[in-house]
Amino acid sequence: MTKEERLKKRHRAEKRFRFYGLTSIFVALLFVVILVQNIFSKGSSAFKKTVITTEVFFDQELLEIQNGASQEEIMEADFYDIMIENLIKAYPAKDRDEEDELLKLFSGDAEIEIKKAFLNENNLIGKTITLDLTASDDIDQLHKGNYPRDLPEERRRISDFQLVIYDYFVENKKISKNFNNYFFNNGDSRDPELAGIGGALVGSFYSILICLLLAFPVAVLASIYLEEFAPKNKITDFIEININNLAAVPSIVYGLLALQILLATIQLPRSTPLVAGITLALMTLPRIIIPCRASLKAVPPSIREGALAVGASKFQSVFHHVVPLALPGTLSGTIIGLAQALGETAPLILIGMVAFVVDIPSSPVDPSSSLPVQVYLWSESAERGFVEKTSATIMMLLSFLIVMNFIAVYLRQKFEKRWN
Amino acid sequence: MNIVLIFLITIFSVSLFFYGKSKTKTISIKDNIKLNALPKFYGYYLVLWCSIPALVFLLVWSLFEPVIIKSIIIETAANQGAIFSDKNEANLIYEKIKAIHLGTYFGDIDSILRESALAYAKFINLFTNSKVVLIFGIIIASVIYSLKKIKNNNKARDDVEIILKGLLFVSSLIAILTTLGIIFSLLFESIKFFSVINVFDYLFGTNWSPQRAFVRDASSITAAEFEELKDAFGFIPLIAGTSFIAFIAMLVAVPIGLFSGIYMAEYASIKVRRISKPIIEILAGIPTVVYGFFAALTVGPFFRQVGENLGLTVSSESALAAGLIMGIMIIPYVSSLSDDVINSVPQSLRDGSYAVGATKSETIKQVVIPAALPGIIGSVLLAVSRAIGETMIVVMAAGLAANLTINPLESTTTITTQIVMILVGDQEFDSPKTQSAFALGLTLFIATLILNYIAQRAVKKYREKYD
């Protein structure tokens with residue numbers, strides 16, 4: 001091999017090596033795109049729900065209440081017969097079986113929806129109104145195109161007759177898509193069309209709030225101590241080793257800790273945001289302390305010395321000068337820690353947040369779910385409708401994380417002083 | 001009750017602040033003495049003395065009250081003739097008594113329960129009353145003490161700072177307390193577990209089937225049941241599955257992460273670096289449950305489909321899918337750390353290599369990487385410890401049954417999956433099955449601890465070398 005050939009070979013190797021590096025970055029970036037695209041394409045349809053426009057006639061004989069009935073009387077009245085009477089008129093069904101199949105196209109909440117409409121407008125007895133009633137999950141998925149209709153009947157969840165009704169609805173423009181208010185307002189449900197993340201949102205909010213209230217002050221105080229006051233001795237070293245190790249402990253171990261200490265020993269209520277918040281706080285604490293200490297460390301000693309020189313005590317120099325200067329970094333570290341806590345699932349599963357909770361929690365000691373746990377729960381469900389619900393929940397979760405990280409970056413760039 | 005108490009303590013503290021401030025002012029004017037600190041520090045001093053002892057006491061009391069009441073009530077119920085064979089039944093009876101007291105119990109109430117409920121009401125009353133009395137006692141005592149100090153014109157600022165410094169120190173001790181809490185909660189149940197199952201049966205057993213451990217009471221076990229239990233908890237399949245999935249993950253993460261790190265540190269322009277680095281780090285910020293969902297619903301079925309087309313049987317919960325997605329999650333851990341590590345290799349080493357005519361890639365391969373090797377190994381070890389502790393991806397995308405296999409297309413299970421499977425839903429405490437989850441947790445904790453220790457040592461040593 002001549003010298004020139006060798007050199008060419010070496011240059012080719014150089015190019016190859018460079019190409020490997022570029023490809024790796026490209027592969028990693030590609031994966032971000034694929035993941036986000038996949039979630040968005042699956043989830044965006046969940047923000048709309050399919051409704052069937054139906055005419056509802058309020059027959060006084062069936063309702064057994066008078067015009068001008070009080071709120072309580074209406075609440076107690078039975079709207080079931082009204083619902084059946086009106087829904088079977090949506091399509092000319094021939095017999096009972098066909099009527100049953102027709103009724104199955106509406107959601108399980110049709111009765112409540114009719115009642116709500118009645119409550120909103122007074123004196124509807126003897127009158128007819130047009131209502132958009134939520135369709136059942138199967139029709140919803142069919143209408144959104146997530147469900148193939150060219151399968152043989154026995155492999156479909158929708159019968160041939162229901163397809164005929166669906167086509168009739170489409171032809172008469174009786175079926176349409178509305179904003180899915182249930183997805184944001186409702187708690188969990190066995191019916192995908194009624195299931196929502198309302199409960200999970202509130203549960204996550206309480207958990208993160210408790211986590212913030214516990215972890216932030218303790219983390220800031222601990223990092224101030226370690227960075228500014230701690231003498232260099234064995235105890236300080238031991239605390240530092242502990243913090244570094246805790247930051248790397250798998251999150252599921254914190255779940256075991258919470259199970260044994262918070263639930264079994266102290267007997268706090270299971271499945272509640274209170275326990276979730278405490279667990280997440282313990283887990284987030286070391287992850288906040290590390291950036292807090294870094295931002296305290298970044299404040300140059302001249303600031304401290306200046307304060308001390310004019311007669312401030314050590315405490316005053318730290319709390320009046322160093323801490324305010326380190327605050328942007330501290331806050332952004334805290335927000336990033338909270339963002340991690342918001343997405344954490346495993347410890348919450350162990351403390352029982354996987355329980356099926358329909359009601360939206362009204363306080364941190366009510367059983368509840370949380371956003372990531374809801375993703376886990378729904379992803380285990382077999383119904384087709386839950387796939388889009390899960391993806392949409394992930395979209396919500398990711399957008400919260402993006403907002404939090406954005407705030408953190410903004411805080412840091414806008415307020416953090418650069419020391420040269 | 002606690003909220004009322006906290007509210008009262010707050011009101012007392014706030015009013016004491018103003019009292020202390022004005023009091024010291026009047027003292028200094030009346031007696032014409034120079035105060036040893038600004039008046040507000042006397043206020044702070046009173047506030048700290050009024051609130052901290054009372055709040056600490058309240059916290060400790062609230063932690064122990066339910067436990068103590070419970071043991072007393074269960075004992076009285078037993079004395080009155082309530083029969084329960086184990087802890088679960090005792091808990092059930094206690095819950096019933098509590099519900100009767102609150103008026104939310106609608107089952108049959110026999111005389112034992114009624115008596116116990118009355119006793120419960122009595123104890124609750126007694127405890128609440130004594131709590132209030134004690135708290136007020138503490139407040140009065142500490143306020144009297146601190147007022148006396150103030151009247152003597154103490155150095156209030158120094159004293160306040162000493163107390164606050166103590167508070168700071170206590171905050172930093174929480175890290176130690178958490179570690180202790182983890183160790184104790186894991187050890188406590190693990191010791192119970194290992195008193196039934198031999199440590200060696202656990203560590204070297206090749207069969208994991210905890211559902212066989214139906215025995216509820218560990219103390220009364222027959223020989224046959226013991227034999228059954230003995231081979232139900234073999235750790236080998238779990239560690240094999242965990243390492244296997246982690247290995248697949250590292251096969252993905254190490255090359256991609258390392259090459260991205262090298263590219264970003266050595267080749268990329270500042271602009272490319274500034275854009276691509278945060279985007280890659282997004283991968284670390286995405287919650288793992290999202291990866292799990294993606295692996296279980298998209299990647300798993302996709303591999304299965306591809307396998308079918310190629311005539312292979314691929315489990316829809318294959319180790320390959322879980323490992324691949326986990327690897328992608330770990331890429332940024334490897335890339336960011338190795339990027340940092342490579343950046344801290346001194347430029348003089350590179351310059352020396354260029355000077356003797358090496359190309360850039362030769363310099364990287366033969367000079368930079370060997371120099372940065374300890375740091376790179378450290379970052380890979382940290383990534384491995386992330387991989388074995390990762391839970392949601394494997395819970396959602398890997399299998400549940402423990403089978404020893406090295407076929408990536410079959411399903412395997414991991415330590416974390418088993419912990420979740422055992423503990424999700426209702427558990428019976430004191431059954432070897434539940435306890436085994438804590439033993440697994442302990443094993444996981446120790447394994448990650450060792451990995452992290454070695455990794456941190458490696459990185460630190462490397463940093464010292466070039467500092």
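**Exercise 1.** Which strands of chain A does helix 6 (residues 110–120) lie across, and at what angle does helix 6 run to strand 2?

*Solution.* The model is predicted. Start with the sheet. Its three strands in chain A have the order 2-1-3, with antiparallel pairing, and the sheet is open. Now place the helix. Helix 6 of chain A lies across strand 1 and strand 2 of chain A. Its direction makes about 140 degrees with strand 2 of chain A.

**Exercise 2.** Explain why strand 2 (128–134) and strand 3 (175–179) of chain A each have one side without a neighbour in the sheet.

*Solution.* Read the order 2-1-3. Strand 2 and strand 3 of chain A stand at the edges, and each has a single partner strand, so one side of each is left without a neighbour in the sheet. From one strand to the next, the twist averages 45 degrees.

**Exercise 3.** Describe how strand 1 (residues 48–57) of chain A is joined to strand 2 of chain A.

*Solution.* Count the bridges: seven. The two strands run antiparallel. Then find a facing pair: A:Glu55 stands opposite A:Thr130 of strand 2.

**Exercise 4.** Characterise the contact between domain 1 (50–178) and domain 2 (198–415) of chain A.

*Solution.* Take the C-alpha centres: they lie 46 Å apart. Next, the contact: five residues come from domain 1 of chain A and four residues from domain 2 of chain A. The domain 1 side divides into one nonpolar, two polar and two charged.

**Exercise 5.** Break down the side of chain B that touches chain A.

*Solution.* Contact involves 68 residues of chain B and 67 residues of chain A. Helix 5 (residues 156–196) of chain B gives the largest share of the chain B side, 20 residues. By type, that side holds 42 nonpolar, 21 polar and five charged residues.

Conventions
Residues are numbered from 1 along each chain as its sequence is written. Chains are lettered from A and ligands numbered from 1 in the order in which they are written. This is a predicted model: local features need pLDDT of at least 70, side-chain atom pairs count only at pLDDT 80 or more; totals for chains, interfaces and linings use all residues. Two residues are in contact if their C-beta atoms, placed from the backbone, lie within 7 Å. Helices (H or I, at least four residues) and strands (E, at least two) are DSSP runs, numbered from the N terminus. Ala, Val, Leu, Ile, Met, Phe, Trp, Tyr, Cys and Pro count as nonpolar, Asp, Glu, Lys and Arg as charged, and the others, Gly among them, as polar. Two strands pair if DSSP finds at least two bridges between them. Axes are lines fitted to C-alpha atoms, for helices over the stretch in contact, and angles run from 0 to 180 degrees between N-to-C directions. Domain bounds come from an automatic or database domain assignment.
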